[in-house]
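The exercises below concern a predicted model. Please work through each task with the sequence and the structure at hand before reading the solution.

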Amino acid sequence: MNIQYGMPLARLTTIGTGGPARAFAKPTSLGELEQALAWAAERDLPVATVGLGSNLLGADDGVDSLVLRLAGELASVRAEGEMLVAGGGATNAVCLHQARAAGLGGFEFACAIPGTAGGGVWMNAGAYGSDWSHILVRARVVTAAGSGWLTPVELGLSYRHSELRHGQVVAEVEYRLTPRPPEEIKETVSALVAQRKATQPTNKRTFGSVFKNPEHELGAGRMLEECGLKGHAIGGAVISPKHANFIENAGGATTADALALMCEARRRARERFGVELEHEVELLGEIELPPD
Ligand SMILES: Cc1cc2nc3c(=O)[nH]c(=O)nc-3n(C[C@H](O)[C@H](O)[C@H](O)COP(=O)(O)OP(=O)(O)OC[C@H]3O[C@@H](n4cnc5c(N)ncnc54)[C@H](O)[C@@H]3O)c2cc1C
């Protein structure tokens with residue numbers, strides 16, 4: 001298996017920021033994945049898996065880990081009766097396409113979530129009242145010590161959260177779906193995508209929602225809008241003029257720029273609404289949201 005050194009995280013994330021990964025590999029089978037995990041274990045190197053990097057901010061200094069992106073068999077999808085079986089690296093777009101072709105509904109909610117099966121499990125990603133915990137039967141989780149299948153309860157799935165930790169690789173998932181005519185699936189998806197385009201910056205470089213929605217009558221986006229943050233910029237990062245819970249890379253943004261915007265947003269939400277916003281985006285490398 002080919003190991004590359006110094007792959008920029010900016011090339012592995014949708015926001016397009018982040019420094020080099022010490023090592024990078026694209027295992028295409030369970031055997032290659034096991035080899036990669038053994039390679040890292042021999043060197044005491046931590047392992048982190050990325051999907052489409054659509055919910056990820058990587059440190060500008062890079063990450064001292066083996067970063068994996070699953071490919072080949074580990075990104076393939078097939079329907080088996082009412083189950084959809086997908087590699088951890090399978091994109092939601094391909095899963096949705098295969099589900100529709102097989103006349104299986106229930107995955108439509110993920111049509112505007114630009115990630116992979118593994119990223120969906122890690123985040124318990126969701127939209128429109130559904131999330132991964134609704135459809136996931138079990139996930140095969142592989143570590144350097146071995147492999148096993150975990151249920152949603154064992155994965156600890158809750159709102160945009162699982163108990164997974166780096167080094168645990170979601171290599172395969174099984175989704176239970178329900179029969180639905182492909183035409184109906186298509187109609188639902190078209191309506192949801194149109195709704196997304198109208199309200200969110202779908203054609204910009206972002207990492208999706210910055211903050212989780214707090215327990216408050218206002219969602220994070222409306223709160224930050226009321227704080228006057230739409231269009232607020234630091235360096236190359238700007239709070240989306242379309243939806244205040246998104247940060248866009250307007251050109252040349254760094255992770256530090258995005259973090260500085262997040263601090264400012266969190267401070268203003270605290271001062272105005274007395275709410276402590278919790279970030280939804282995952283941080284990779286030696287970074288954390290600094291205290292403000
Ligand atoms: C325009 C836009 C809209 C979005 N809308 C939504 C939305 O409606 N709802 C929502 O929930 N999210 C949304 N997101 C965020 C994001 O798409 C989801 O969280 C998605 O599930 C992340 O998947 P990913 O494969 O890109 O994961 P990544 O961003 O690559 O990684 C996220 C985390 O998962 C881990 N991970 C990824 N793959 C694996 C694996 N195979 N094994 C173990 N760990 C893994 C990573 O290490 C990281 O910690 C949006 C993002 C964008 C850019």
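**Exercise 1: The second largest pocket**

The lining of the second largest pocket comprises 10 nonpolar, five polar and four charged residues.

Task. Determine how much space lies in the second largest pocket, which residues lie nearest its centre, and which elements give two or more residues to its lining.

Solution.
- Step 1. The space in this pocket amounts to about 280 Å³.
- Step 2. Its lining consists of 19 residues, and those nearest the centre are V63, D64, L284, G285 and E286.
- Step 3. Two or more lining residues come from each of β3, β5 (63-69), α8 (255-273) and β18 (282-284).

**Exercise 2: The surroundings of the ligand**

Task. Establish how many residues surround the ligand, which element supplies the largest share of the shell, and which residues place an N or O atom by a ligand oxygen.

Solution.
- Step 1. The ligand is surrounded by 32 residues, with T49, S54, T116, G126 and R196 the closest.
- Step 2. Sorted by class, this shell holds 14 nonpolar, 15 polar and three charged residues.
- Step 3. At least two shell residues are supplied by each of β3 (47-50), α3 (117-123), β9 (126-127) and β13 (169-176). The largest share, five residues, belongs to α3.
- Step 4. Two of the contacts involve the backbone: a polar backbone atom of G51 is 2.7 Å from an oxygen atom of the ligand, and a backbone N or O atom of N55 is 2.8 Å from a ligand oxygen atom. From W122, a side-chain N or O atom lies 3.3 Å from an oxygen atom of the ligand.
- Step 5. The ligand taken alone exposes 960 Å², of which the protein buries 96%.

**Exercise 3: A sheet of three strands**

Task. For the open sheet that contains β15, β16 and β17, state the strand order and the sense of pairing, and explain why one side of β15 and of β17 has no neighbour in the sheet.

Solution.
- Step 1. The order is β15-β16-β17, and the pairing is antiparallel.
- Step 2. β15 (233-234) and β17 (247-249) are the edge strands and have a single partner strand each, so each keeps one side without a neighbour in the sheet.
- Step 3. Three bridges join β16 (residues 237-239) to β17 in the antiparallel sense. V238 has E248 in β17 as its bridge partner.

Terms used
Residues numbered from 1 in each chain as written. Predicted model: local features only at pLDDT ≥ 70, side-chain atom pairs only at ≥ 80, totals over all residues. Heavy atoms only, no water. Near = heavy atom within 4 Å. Polar contact = N/O pair within 3.5 Å; in protein donor to acceptor, adjacent residues only side chain to side chain. Areas by Shrake-Rupley, 256 points an atom, 1.4 Å probe, with all protein chains shown as cover. Helix = DSSP H or I, 4+ residues; strand = E, 2+ residues; numbered from the N terminus. Nonpolar A, V, L, I, M, F, W, Y, C, P; charged D, E, K, R; others polar. 1 Å grid on protein atoms, 1.4 Å probe; cavity = no way out; pocket = protein on both sides within 12 Å on 5 of 7 lines; lining within 4 Å. Points joined across faces, edges and corners; volume = space filled by probe spheres on them. Pairing = 2+ DSSP bridges.
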